[in-house]
Amino acid sequence: MKYKRILLKLSGEALMGNRQYGIDPERLAEYAQDIKTITDKGVQVAIVIGGGNIFRGVAGASNGMDRVQGDHMGMLATVINGLALQSALEDAQIPTRLQTAIKINEVAEPFIRRKAMRHLEKGRVVIFGGGTGNPYFTTDSAAVLRAIEIEADVILKGTRVDGIYNTDPEKDSSAIKFNSISFDDVLKKGLKVMDTTAFTLSQENNLPIIVFDMNKPGNLLKVVSGEAIGTEVNI
Ligand code: UDP
């Protein structure tokens, strides 16, 4: 395996599968199987999960809700997704811990960096819920932050698109995919990989990002093995 410790970022929307809202148990089970394939090979896996399938703070704010209140709801949505993912992983016989950035002690462990790293060393998958614990941030920022903290080798952003293109491939059939691209070029070309806060945090800490299609079973193993199937953002 090319990578020993990875941070996998899954968006909340990815969990919807073909639904319009909520969680598709089949999609979760597929993800769990893919994750099992790599944990069986000794790869240490940490996961940050989004909440966009349930609630986004900006959506609340556009309907007149206080933004911070909405962001708190969004963070709780990521905890709901984290619990669902934990169940799916445990159904696949993967030992798992959920750690949250906001304390919900009866439900999950609080985020403690050293504990998280120890879980990983013991072969447990660690899911980080609650984003960064702060409003006005995204789970992409949480993913980069946690990846740096736990000294992950790479951040794998699993999406429904198979990499980074020069234009939106879902709207433009002539879009061209990059196999690899530098952080600077992403910024110069104005490409959308993550929000700027998350992206620059990754750049400043030399943490490579690989964007790949997580919805194709087997792709996660390919990426972790070093196969160039997505787009790698590097220095
Ligand atoms: N959120 C937040 N702080 C964080 C991470 C998330 O306030 O550190 C809130 C924010 O309202 C966001 C929602 O949680 O809209 C869900 O996260 P995100 O939009 O990143 O989920 P994804 O797009 O990955 O599904």
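Me: How many residues surround the ligand, and which are the closest?

Reply: Heads-up that this is a predicted model: local features need pLDDT of at least 70, side-chain atom pairs count only at pLDDT 80 or more, and totals for chains, interfaces and linings use all residues. Residues are numbered from 1 along each chain as its sequence is written. A residue is near a molecule if its C-beta atom, placed from the backbone, lies within 6 Å of it. The ligand is surrounded by 24 residues, and the closest are Gly-50, Gly-52, Gly-57, Gly-74 and Gly-131.

Me: Which elements give two or more residues to that shell, and which gives the most?

Reply: Elements here are DSSP runs numbered from the N terminus, with helices as H or I of at least four residues and strands as E of at least two. Those giving two or more residues to the shell are α2 (57-62), α3 (67-91) and α5 (139-149). With six residues, the top contributor is α3.

Me: How many shell residues are polar?

Reply: Ala, Val, Leu, Ile, Met, Phe, Trp, Tyr, Cys and Pro count as nonpolar, Asp, Glu, Lys and Arg as charged, and the others, Gly among them, as polar. The shell around the ligand has six nonpolar and three charged residues, and its polar count is 15.

Me: What span does α3 reach, first C-alpha to last?

Reply: The expected span of a helix is 1.5 Å times one less than its number of residues. α3 has 25 residues, with 36 Å expected at 1.5 Å a residue. Right after α3 comes Gln-93, with a positive phi near 60°. The span of α3 comes out close to expectation, at 36 Å.

Me: Is Asp-71 of α3 buried or exposed?

Reply: A residue is buried with 20 or more other C-beta atoms within 10 Å of its own, exposed with 12 or fewer, and partly exposed in between, the C-beta atoms being placed from the backbone. Two residues are in contact if such C-beta atoms lie within 7 Å, and beyond four places in sequence Asp-71 contacts Gly-57, Pro-135 and Tyr-136. Because 24 other C-beta atoms lie within 10 Å, Asp-71 is buried.

Me: UniProt has a "binding site" list with Gly-51 and Asp-71 in it; what is the largest C-alpha distance within that list?

Reply: UniProt positions use the numbering here, feature names are shortened, and annotations may be inferred rather than shown by experiment. This list, from an unreviewed entry, holds Gly-51, Asp-71, Thr-132, Gly-133, Asn-134, Pro-135, Tyr-136, Phe-137, Thr-138 and Thr-139. They spread over 89 residues of sequence yet cluster in space, with a largest C-alpha distance of 14.1 Å.

Me: Where does Gly-51 lie?

Reply: Gly-51 is buried, because 28 other C-beta atoms sit within 10 Å. Its contacts beyond four places in sequence include Gly-74, Ala-77, Thr-78 and Asn-81, plus Gly-12 and Thr-139. As for its place, Gly-51 is in the loop between β2 (44-49) and α2.

Me: And how far apart do the residues of the other "binding site" list get, C-alpha to C-alpha?

Reply: That list, also from an unreviewed UniProt entry, names Lys-9, Leu-10, Ser-11, Gly-12, Gly-52, Arg-56, Thr-159, Tyr-165 and Asp-168. They cover 160 residues of sequence and are spread in space too, up to 25.6 Å.

Me: Which strand holds Leu-10?

Reply: Leu-10 is buried, because 25 other C-beta atoms lie within 10 Å. Beyond four places in sequence, Leu-10 touches Ile-47, Ile-49, Gly-50, Gly-158 and Met-214. The strand, spanning residues 5-10, is β1.

Me: Which element gives the most to the largest nonpolar core?

Reply: A nonpolar core is a set of buried Ala, Val, Leu, Ile, Met, Phe, Trp, Tyr and Cys residues joined through C-beta atoms within 7 Å. The largest one has 64 residues, and Ile-6, Leu-7, Val-45, Ala-46, Ile-47 and Ile-155 touch the most other members. With six residues, the element giving the most is α3.

Me: How many of the 11 residues of α5 are buried?

Reply: The cover over its buried residues includes β1, β2, α3, β5 (125-129), β6 (154-159) and α7 (196-204). α5 is largely enclosed by the rest of the structure, because its buried residues number nine.
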